Amino acid sequence: MGAVKDQGTTPTERQFQHGVKHLHETGLKRLPTKYILPIQDRPRSEPTEPSLKLPVIDLEQLRGPSRREAVASIANACERYGFFQVVNHGVTRGVAEGMVDAGRRFFGMPFEERAKYMSADMFAPVRCGTSFNQRKDNVFSWRDFLKLTCEPMPEVLAHWPASPADLRKVAATYAEETRDLFLVLMGAILEGLHGSNTEESKKMKTEEGDDVDDDDYEDILEKFKNGSQLMVVNCFPPCPEPDLTLGMPPHSDYGFLTLLLQDEVEGLQIQFQENWVTVEPIENGFVVNVGDHLEIFSNGKYKSVLHRVIVNSERSRMSVASLHSLPGKCMVRPSPKLINKTNPRRYKDTNFGSFLKYVSSREPKKKNFLETQKVTLENIEENP
């Protein structure tokens with residue numbers, strides 16, 4: 001396949017489907033029209049973007065006498081920012097670094113090797129692709145990704161890429177350790193939302209007198225142990241004209257929490273007080289963000305926040321996002337403990353299948369899916 005050497009040589013639609021790593025490797029000098037955003041959607045052209053120092057939570061505090069303060073800090077971060085960072089999180093440093101390195105080596109393989117896993121099927125358990133939804137996106141994003149479904153692990157592991165040779169082992173260990181971290185965080189978040197008295201939670205009744213079994217503290221944590229987990233390894237190669245495009249468009253995440261591991265190259269931006277601000281990476285830390293399902297479960301107390309990724313012309317950027325929620329067939333609904341006459345139910349029941357069906361049928365934009373799950377004012381009395 002011939003190299004794209006200058007503006008006069010336009011990449012074919014097939015090359016677009018091959019991904020931006022492939023385009024970068026051809027020596028692309030100008031950004032193809034397919035990747036150029038409308039002016040109002042482009043990142044600012046200023047040389048530096050404002051940065052934001054998110055709350056940094058030391059999770060070691062959850063294991064000692066300062067647990068109450070740490071739980072309160074997490075609750076405050078969820079409510080104020082929808083994002084926070086964690087250190088002393090329990091994910092082995094070597095495992096985290098190994099995961100980023102394995103992802104970098106995967107995208108460093110010849111295109112023919114990566115192509116074995118390329119698919120536009122949103123339901124595929126293992127999928128290498130480009131942009132956000134390459135079947136529906138009107139403008140492509142400057143990103144390639146490898147998505148790995150992580151459960152049930154004994155069944156999916158054999159479908160994961162066999163190259164690099166250590167990818168399966170490294171990614172499986174990383175998936176296990178990030179799942180453990182997710183459970184620690186959700187325990188603290190549930191404690192912040194419901195209070196630490198789990199016996200009271202077990203006895204709680206709704207106004208109709210039904211037991212609140214589905215939202216019992218221990219019961220839902222048990223469901224999370226066997227919950228859904230999707231890992232997304234993101235590759236953002238150098239971009240010839242980064243001011244014209246994005247690595248990922250503004251969006252929220254579907255699950256309860258996303259645990260993001262990123263390298264030292266800045267790129268993640270969140271919407272805060274109506275501005276796009278860059279999140280500064282911290283060494284050996286994870287960025288944690290509230291997903292749509294946690295917004296629903298908290299009945300709107302915690303909001304999933306729009307975020308996006310900017311790219312640059314000099315350095316490649318790698319990140320690994322681990323998205324966690326309840327098992328795919330479980331319905332996600334507002335916690336009855338958070339619903340009363342002054343705070344009526346604000347969201348419908350939903351599940352992961354509904355989300356996949358939605359995003360596979362159209363170009364996903366911002367928080368459009370979550371908007372479809374909101375209970376309208378006229379229906380609130382029918383959905384107490």
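Just over the half-way mark is where burial ends up here: in this predicted model, 54% of the 384 residues in the protein chain are buried. The chain is built from twelve helices and 13 strands. Contacts between distant parts of the sequence carry a good deal of the fold: taking the contacts with a separation of 6 or more, 76% are between residues 24 or more positions apart.

Much of the buried material can be described by way of two nonpolar cores. The largest has 68 residues, and I74 and L185 are the ones with the most contacts inside it. Helix α7, which spans residues 167-194, supplies the largest share of this core, at 15 residues. As for L185, once neighbours within four places in sequence are set aside, its contacts are L59, I74, F84, V86, L257, L259 and V288. The two residues with the most contacts inside the core, I74 and L185, are thus also in contact with each other. A second core is separate from this one and has 20 residues, F83, F145, Y254 and V305 among them.

Helix α7 also packs against another helix, α9 (residues 217-225). The two axes come within 10 Å and cross at roughly 160°. An angle over 145 degrees counts as roughly antiparallel, so that is how α7 and α9 run relative to each other. The crossing of α7 past α9 is right-handed. On the α7 side, the contact is made by R179, F182, L183, M186, G187, L190 and E191. The α9 side brings in Y217, I220, L221, F224 and K225.

Turning to single residues, H307 is worth a look. This histidine sits in strand β12, which covers residues 307-309. Its relative accessibility is 6%, and since anything under 20% is taken as buried, H307 falls in that class. The H307 side chain reaches the backbone oxygen of V305 at 3.0 Å, and V305 is itself a member of the second core. Beyond residues up to four places away in sequence, H307 touches the run P249, P250, H251, S252 and D253. Other residues touched by H307 are F83, L268, Q269, I270, W276 and N289. F83 appears in the second core too.

Q269, one of the residues touched by H307, has a polar partner as well: its side chain and that of T278 are joined by a polar contact of 3.1 Å. T278 belongs to strand β10. With a relative accessible area of 3%, T278 is buried.

P237 is another buried residue, this time in a loop. It lies between β6 (228-236) and β7 (248-251), and its relative accessibility of 1% puts P237 in the buried class. With neighbours within four places in sequence left aside, P237 is in contact with V20, K21, H24, W142, N312 and S316. The chain also brings P237 and R317 together: they are 80 residues apart along the sequence, yet 6.4 Å separates their C-alpha atoms.

Some backbone details round out the picture. Two peptide bonds leading into prolines are cis. One runs from E151 to P152, with omega near -5°, and P152 lies in the loop between β5 (144-149) and α6 (153-156). The other runs from S163 to P164, again with omega near -5°, and P164 is found in the loop between α6 and α7.

Positive phi values turn up in residues other than glycine, too. Q273 has a phi of about 50° and lies in the loop between β9 (268-272) and β10 (275-279). At 58% relative accessibility, Q273 counts as exposed. N284 has a phi near 55° and is located in the loop between β10 and β11 (286-290). N284 is partly exposed, its relative accessible area being 34%. Strand β10 therefore has one such residue in the loop on either side of it, with Q273 in the loop from β9 and N284 in the loop to β11, while T278 within the strand is buried.

Notes:
Residues are numbered from 1 along each chain as its sequence is written. This is a predicted model: local features need pLDDT of at least 70, side-chain atom pairs count only at pLDDT 80 or more; totals for chains, interfaces and linings use all residues. Side-chain values use heavy atoms; hydrogens and water are left out. A nonpolar core is a set of buried Ala, Val, Leu, Ile, Met, Phe, Trp, Tyr and Cys residues joined through side-chain atoms within 4.5 Å. Buried means under 20% relative accessible area, exposed over 50%, partly exposed in between (1.4 Å probe, protein chains only). Helices (H or I, at least four residues) and strands (E, at least two) are DSSP runs, numbered from the N terminus. Contact means heavy atoms within 4.5 Å. A polar contact is a pair of N or O atoms within 3.5 Å; within protein, one must be able to donate a hydrogen and the other to accept it, and residues adjacent in sequence count only if both atoms are side-chain atoms. Axes are lines fitted to C-alpha atoms, for helices over the stretch in contact, and angles run from 0 to 180 degrees between N-to-C directions. Angles under 35 degrees count as roughly parallel, over 145 as roughly antiparallel, 65 to 115 as roughly perpendicular and the rest as oblique. A crossing is left-handed if the near helix is turned anticlockwise from the far one by less than a right angle, and right-handed if clockwise.
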